Structure formats: C-alpha cells, structure tokens
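Hello,

Here is the structure we spoke about handing over. Please open it alongside this message and follow the residue numbers as you read.

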Amino acid sequence: MSHSTGTEILRYTAFSADPSGGNPAGVVLDASGMDDAAMLAVAAELGYSETAFVTRAAGEVPYTVRYFSPKAEVPFCGHATVATALALAERDGPGELEFRTRAGTVPVSVARRDGGLRATLTSVEPSVAEIGADDLAEALAALDWSAADLDPALPPRIAYAGARHLVLAAGSRERLAALDYDFARLEALMHRLDLTTLQLVWRESADVFHARDPFPVGGVVEDPATGAAAAAFGAYARESGLVPEDAVLTLHQGADMGRPGTLTVELRAGDPRVRVSGTGTRIG
C-alpha cells in the first residue's frame, strides 16, 4: 500500500501468526522527510490503532521510531514495535535491534522459532502508582462497572512501561466480556490522567490472564493486542506481589473482538524491565 505522497506503507499483525488475528499495525520503514502532519494523516487514513514511522540517519545505530494513532502521537506502542521489528527482520534478517522512541531506547530481538519469526521487546524501566478514589470512581462509572465487579485480589493501579495504563481487574470472565463503555466520558478521564489505554484483565490462573484495552484517546474503541499495556501489566503484577520475581505470564487478548492474539510477558529477577514477545505476520 502507498500513500498519496508515494510513501510505502506495510501492514502487519502482531501477536498472532494469523493475519485475521492479533493487532494490525501500519509500518513505514522510511519516514525520512515526513513531518508530523504527514505521519498523522497516514495513520488516520490507515485507521489502525497505531502506525510506526522509522527513520535512521547515516551512521546512526538505533532506529528512531515514532507511533501515531488516528488521532494523536503516542510515546510508545508495543504491537507496532513488534510489527516493525518483524518487517525489518524480513528485509534484513533476524537479530538484535534498538529503537529510539519518545519513551526511551527499546531493545528488540527477532529470532526464527517454529518456522516463523518471533520478536521480543524489552521495555524502559517501569513504574506503578496508585489511583485516587475519585478518579477510580469515574473510570468505573464510564465503564458502567461497580466496585463489586472488581477482583479484590488485584488492586487498581496506574502502570507505566513506556506509556501509562490504568489496570482494572474484573472479578469474572463474563464481566470482562461485557464491555460497553461511555466513549466520551472515558476519553476525557484518560486525557486528564495521561492514560494511553485501560488494561482490563481477568485472572484465569496463576500465570494466565485475559485482557481488553479500551483506547478512546486514540480514536479506537478497543485495541486487540496491546504490547505496551502488557509490559505495564508485568510491572504491575510484580509490584503487587501476584507473581514471583522470575515469571512468565501469558496474556490472551482480542478474542472478544474476533481477533485473538497471545502475548508472552517475562519478568527477570534483578532486572526491573519487562520483556514482551510474540509472533506476527504480514497482511496482504
């Protein structure tokens, strides 16, 4: 696909080997000469939750990557990072990459696994903070959830691993599945709290979770597979004492949208960063 400017736009899905699963992203491997307005126009025309724009100056080791939703630039996007790494690996071969993002430098490793390519990103250093009672009440009201709908074992928190996400845990899979929220009300709250998505989760077992991510600030009702939120959730799970210091978590996302994907989250003792990995494939 090419934009009216002649820019080549690749389309990949991340966190699924099936083009109809996971989270689709646009990838522009040569965005040199594109200004902010041009990038936003491409992202809006494509309509995916994010499109990644890559530039690399002569002799520069890290790639510079910027991410745009249809409505605005975001500091970091996990699924578009995976998509970009896979596109570069298909062009240049698998190996080690570094992406310079607005959130910081993100290492990405791409390896051949089970006949395909698998990318693993390493987040910037994460953090976890409490959310005020009034803000939590507003989030629940926008979702049309009650406090009784929450899992008391997983406390609400704002988690960051390149972008800020409000983590709310549903007490049942049915509550998570029945997502019907007030778009404008939630968008206003998220702008005020500088949130990229809400990371809504349900815990199936000790290391398996299901997630959904409303993304009204990006002009998208829901994100099908959210790598940045998965990284933030890994930090949240560790900070909350839900998992040991060394842990591998599986997040299932997108099934309720008809685009199932799987994200693997790895925590390592002694390293505050979070690793998120998954497969992907080109669309079209």
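Below is what was found, first for the strand pairing and then for the salt bridges. Please keep in mind that this is a predicted model.

Strand pairing around β17

A good place to start is strand β17, residues 271-282. Strand β1, residues 10-14, runs antiparallel to β17 and is joined to it by three bridges. Within that pairing, T13 sits opposite T281 of β17.

Strand β8 covers residues 116-122 and also pairs with β17 in the antiparallel sense, here over five bridges. R118 has T279 in β17 as its bridge partner.

Strand β16, residues 261-268, is another antiparallel partner of β17, again with five bridges. R268 is bridged to D271 in β17. β16 and β17 form a hairpin with two residues between the strands, and G270 in that hairpin has a positive phi near 85 degrees.

Salt bridges

The structure holds 14 salt bridges. Three pairs and one network are described here.

D271, the bridge partner of R268, also takes part in a salt bridge: its side chain meets that of R273 at 3.1 Å, N to O. Which of these two residues is buried and which is partly exposed? D271 has a relative accessibility of 15%, so it counts as buried, while R273 is partly exposed with a relative accessible area of 29%.

The side chains of R175 and D149 meet in a salt bridge at 3.4 Å, N to O. R175 belongs to helix α4 (residues 173-177), whereas D149 is in the loop between α3 (133-143) and β10 (157-160), so this pair ties together parts that are 26 residues apart in sequence. R175 is buried, because its relative accessible area of 18% falls under the 20% cut-off. D149, with a relative accessible area of 22%, is partly exposed.

R91 and D92 make a salt bridge through their side chains at 3.0 Å, N to O. D92 is partly exposed, with a relative accessible area of 49%. R91 is partly exposed as well, at 49% relative accessibility.

Finally, a network of salt bridges links D36, R66, E73 and R102.

If you want one spot to look at on screen, go to D271: it lies in β17 opposite R268 of β16, and its side chain meets that of R273 in a salt bridge.

Regards

Definitions and conventions
Residues are numbered from 1 along each chain as its sequence is written. This is a predicted model: local features need pLDDT of at least 70, side-chain atom pairs count only at pLDDT 80 or more; totals for chains, interfaces and linings use all residues. Side-chain values use heavy atoms; hydrogens and water are left out. Two strands pair if DSSP finds at least two bridges between them. Helices (H or I, at least four residues) and strands (E, at least two) are DSSP runs, numbered from the N terminus. A salt bridge is a side-chain nitrogen of Lys or Arg within 4 Å of a carboxyl oxygen of Asp or Glu. Buried means under 20% relative accessible area, exposed over 50%, partly exposed in between (1.4 Å probe, protein chains only).
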